[in-house]
Structures are given as structure tokens and as C-alpha cells.
Amino acid sequence: MSQSRVAAIDVGNDSVKALFGKLDSELYIPNVTAIDTEDRPVIGIEDLDKKDPLDGIHIRVHSPALQENNTIYRVGNLATKADNATELDPGSSKSEEDQTLVMLLASMALDAVKPENKQVFNRSNQVVEANYTLGTGLPLREVKEGKDVGYRSQLLGSVHQVEFLVTPKYQGLKVNIKLDEVKIYPEGFAAFINLVMDNNLNIINKDLIDKQILIQDIGGLSTDIAVIRNRNVDDDKAQGYNLGVSEALETIRDEINKKHGVELDSRRDVVDIITKKNDRNHIMVKGSRTSVHDITDRVLLELAKKQYRHLRNTWQRNSQTEICYFVGGGSSVLKDYIKTLNNSLDGFNIDFFEDEKESIWMMANAYYKLISEFIQQQSKDKQEKPAEKQKAASNK
Ligand SMILES: Nc1ncnc2c1ncn2[C@@H]1O[C@H](COP(=O)(O)OP(=O)(O)OP(=O)(O)O)[C@@H](O)[C@H]1O
Ligand SMILES: [Mg+2]
């Protein structure tokens, strides 16, 4: 029989972060999809096996959970190049978008077909039977509206099939995904768990656990501020804003093009320029090293000011807050600007993660801890059950 493999997946508006198994495997995929209407012309099919599957995710997805069933999608890097690419609209509901499901299913399918996992799942011919126990999340707002219930039962209720079409290494493989259990956690709460628990689910931060804290998660397209009190997310206080770093990165890219005539390929290139260790804020223009510091400083400072205003408003309404943690990829980008503003303005007790990877993977790590704890608890319950039954019988 196939085992159930752990999947912890954060479907961010900007990118999907996924952790699998005993943390033996991880995936990072830009959250971009494009529907394919005709067969994709495949250039250089002869080197298909030399390419990275992640650069050519081309799949057909069969699932009753989708509004549009049996559709062909380009996903991630491959979709970025399509002219009908769609990114999640910050105003929409994650739980109601086909794109969220497509990203979840594509991630699990990519994990399931990995050669290392041949021992984990049954395979016959070209079909992989994959069982997962999934931990994932939704914005607090959607959980408050009860949307997690329908979302969960859609995932649990049927077998989903991902068929790899023109994808390097995996072309022709089909994966039947069956979810044995699905847990949906509210995003802000998950970040809190990650701060107070280690991977073995021990409390690592006793100081923090009973304090009132804020978690400001600055992502690609959105910012969420969670208020944690009594070890719980305060539903009424949580705030979400349609303001992330993507727009600022796009502005920087435009301005560099206008001023220096240099066309950067993507926002990712901008992130590299503003975060690299050596020669930060410099680009090459016709072979000369050129500073773009004026542009990056102005644009990022402006965004940092907006983010700081949100922090200040939230702190005013929650005056007994002891500390605010900044997480998400946007926090890494804005760290120095927000720190500088804070030093000259309110001097709030704020903290950042030094390691940008920790900041970006915060949510996925949290889901991993939570789903692992759930599995442990479940197996404990199973062991204890027979004893309980006996006890109940003898009490009669
Ligand atoms: N080292 C890095 N690698 C990737 N992205 C980075 C890095 N440092 C900063 N970023 C930026 O962080 C942003 C993405 O942050 P994050 O992954 O937290 O967003 P998300 O969770 O996908 O989106 P959202 O929170 O809006 O749903 C991107 O705009 C990216 O450019
Ligand atoms: Mg996020």
C-alpha cells in the first residue's frame, strides 16, 4: 500500500513554497498560470530531458474541484512568458480561485513524480498513485468567512489528476492525487506558531508565547498584520492590505530602463540588484559599473513609509503590544528602510529575520510544523483508543 506523504504548501500571491516528506524535498514556484488553448509549439524537443522540469510545467488538470475541469495550464516560469498569464488578484478569494488549486495540485504532482519517490508511491505504466496529508493556509479573512470548510471538502472529496504534457523529464506521466487529510490554517496564526515552536514541536520561545505581538507579513502583492493575544489570532484586529513589493519592483525596473536604457528581464533581477552582497544597487551600462541607488532608494523608501504607517495605526489600536515581527519577502527588501524610519520616528520594538530565506519560507515552515503535530496526535489517539474503550466499558 502507498504511504501518505506529508505536504506543507504556502500558496503565496507571488510564489508557492512547498515542503514534503521528512523535509527531504522542497519547491518554489512563481504563482503564475496561463491557460493553453492550442498545443504549445515545442521548440527543441530533443533536449527536453536536459531541461529543468520547473521551467516547463505544462499540465492538464482533471478535478471535480475545479470550475474549469480538464484544462491545460502552463505554470510558473513557463506561464510568465505567455501573454495571457494570470496572477492572483489581491482582491479575490484564494479559496475560490482555480489558480490556487492548480498550484497546489501541480506542486504535489511534481513531488510525486520525482525519481527519488519511486519507492514511496505505487507506479504502474505511466500512472503514479500519490497519497498526501496536506497542511496549507488561507488568509484570516477567508477563514473568518468560513470559506475554509468548502475548500477543504473539495480537496478531500475526490481524486485529482495531473497529467504532464510537454514537461521536461516528466512528459506523459499522470499523477492521481488522493488527499488522506487536509488541514487549513489561518495565515497569521501559522506565522505565530513558527515563532514559538521548533521542528520537533517544542516551545522554543517561552518569553513570547503569552505576549501580545504583531506579525506584519509583507508579500509580493499583499500585506497582512496579525494581532496575537492569549496564544491566538485576534480575528477582529487582523488587517489585510493590497500592498506588496511587486509594484515597487516594477517601478524600479521601469525607471532603470528610462534612465539608463537597460531592460531587466524580471522583478527577480531587481531583487538581485537591491539585495546582492557585492556591488549592491549597481548595474552595468554599456560595460560601465553604474549606480542606481537614487532610484531604488526613492521607490523603496516610499513603500517603507506606507508600510510604517500601517504599523503605526495597528500599534495605536493595540497599545499593549510588546513587539512586531516583520516577515515575508517584502520585509527582507524593506528591512533597512523600515529600521531607519523607526529609529527617527516612533522607536517601536520591531524585529526582522536576518536570513531572507527564513522570512520567505515562514508560512510553509509553519504549516509543516502544524501538520506534523496533527499527524503525531492522530497516531497517539489511535494507540490510546483501545484503552479508552475498555475504560468506558468497565465504567458502565
Ligand atoms: N531572496 C529572495 N528570493 C525571492 N524573492 C525575494 C527575495 N527577497 C525578496 N524577495 C521579494 O519578496 C516578494 C515575495 O515575498 P513572499 O514570497 O513573502 O510573497 P508571497 O507570500 O508569495 O505573496 P503574498 O504574501 O502577497 O501572498 C517578491 O516580490 C520578491 O521579489
Ligand atoms: Mg505570503
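Thr100, Leu101 and Leu104 of helix 2 touch Tyr151, Gln154 and Leu155 of helix 4. Sorted by class, that contact holds 4 nonpolar and 2 polar residues, with no charged ones. Keep in mind that this is a predicted model.

Helix 2 covers residues 98-112 and helix 4 covers residues 147-156; their axes come within 12 Å and cross at roughly 45 degrees. Angles under 35 degrees count as roughly parallel and 65 to 115 as roughly perpendicular, and helix 2 and helix 4 are therefore oblique to each other. Their crossing is right-handed.

**Helix 9 and its partners**

Helix 9 (residues 293-317) packs against helix 10 (residues 329-344) at about 65 degrees, and the two axes are 9 Å apart. This crossing is right-handed. On the helix 9 side, the contact is made by Thr296, Asp297, Leu300, Leu301, Leu303, Ala304, Lys305, Gln307 and Tyr308. Helix 10 brings in Val333, Leu334, Tyr337, Ile338, Leu341 and Asn342. Going by class, you get 10 nonpolar, 3 polar and 2 charged residues in the contact of helix 9 with helix 10.

Helix 9 also packs with helix 7 (residues 246-260), here at an angle of about 155 degrees and with the axes 10 Å apart. Angles over 145 degrees count as roughly antiparallel, so that is how helix 7 and helix 9 run relative to each other. The crossing of helix 7 and helix 9 is right-handed. From helix 7, the residues in contact are Ala248, Thr251, Ile252, Glu255, Ile256, Lys259 and His260. They meet Asp294, Ile295, Thr296, Arg298, Val299, Leu300 and Leu303 of helix 9. By class, the contact of helix 7 with helix 9 has 7 nonpolar, 3 polar and 4 charged residues.

**Around ligand 1**

Now for the ligand. There are 21 residues around ligand 1, and Asn13, Lys17, Arg268, Gly329 and Glu356 come nearest. Here are some of the polar contacts.

| Ligand 1 atom | Protein partner | Distance |
|---|---|---|
| Oxygen | Asn13, polar backbone atom | 2.6 Å |
| Oxygen | Ser222, polar backbone atom | 3.0 Å |
| Nitrogen | Glu356, side-chain N or O atom | 2.7 Å |

So what does ligand 1 meet at Glu356, side chain or backbone? A nitrogen atom of ligand 1 sits 2.7 Å from an N or O atom in the side chain of Glu356. At Asn13, by contrast, the partner of a ligand 1 oxygen is a polar backbone atom, and a polar backbone atom of Ser222 likewise pairs with an oxygen of ligand 1.

Key:
Residues are numbered from 1 along each chain as its sequence is written. Chains are lettered from A and ligands numbered from 1 in the order in which they are written. This is a predicted model: local features need pLDDT of at least 70, side-chain atom pairs count only at pLDDT 80 or more; totals for chains, interfaces and linings use all residues. Side-chain values use heavy atoms; hydrogens and water are left out. Axes are lines fitted to C-alpha atoms, for helices over the stretch in contact, and angles run from 0 to 180 degrees between N-to-C directions. Helices (H or I, at least four residues) and strands (E, at least two) are DSSP runs, numbered from the N terminus. A crossing is left-handed if the near helix is turned anticlockwise from the far one by less than a right angle, and right-handed if clockwise. Contact means heavy atoms within 4.5 Å. Ala, Val, Leu, Ile, Met, Phe, Trp, Tyr, Cys and Pro count as nonpolar, Asp, Glu, Lys and Arg as charged, and the others, Gly among them, as polar. A residue is near a molecule or strand if one of its heavy atoms lies within 4 Å of it. A polar contact is a pair of N or O atoms within 3.5 Å; within protein, one must be able to donate a hydrogen and the other to accept it, and residues adjacent in sequence count only if both atoms are side-chain atoms.
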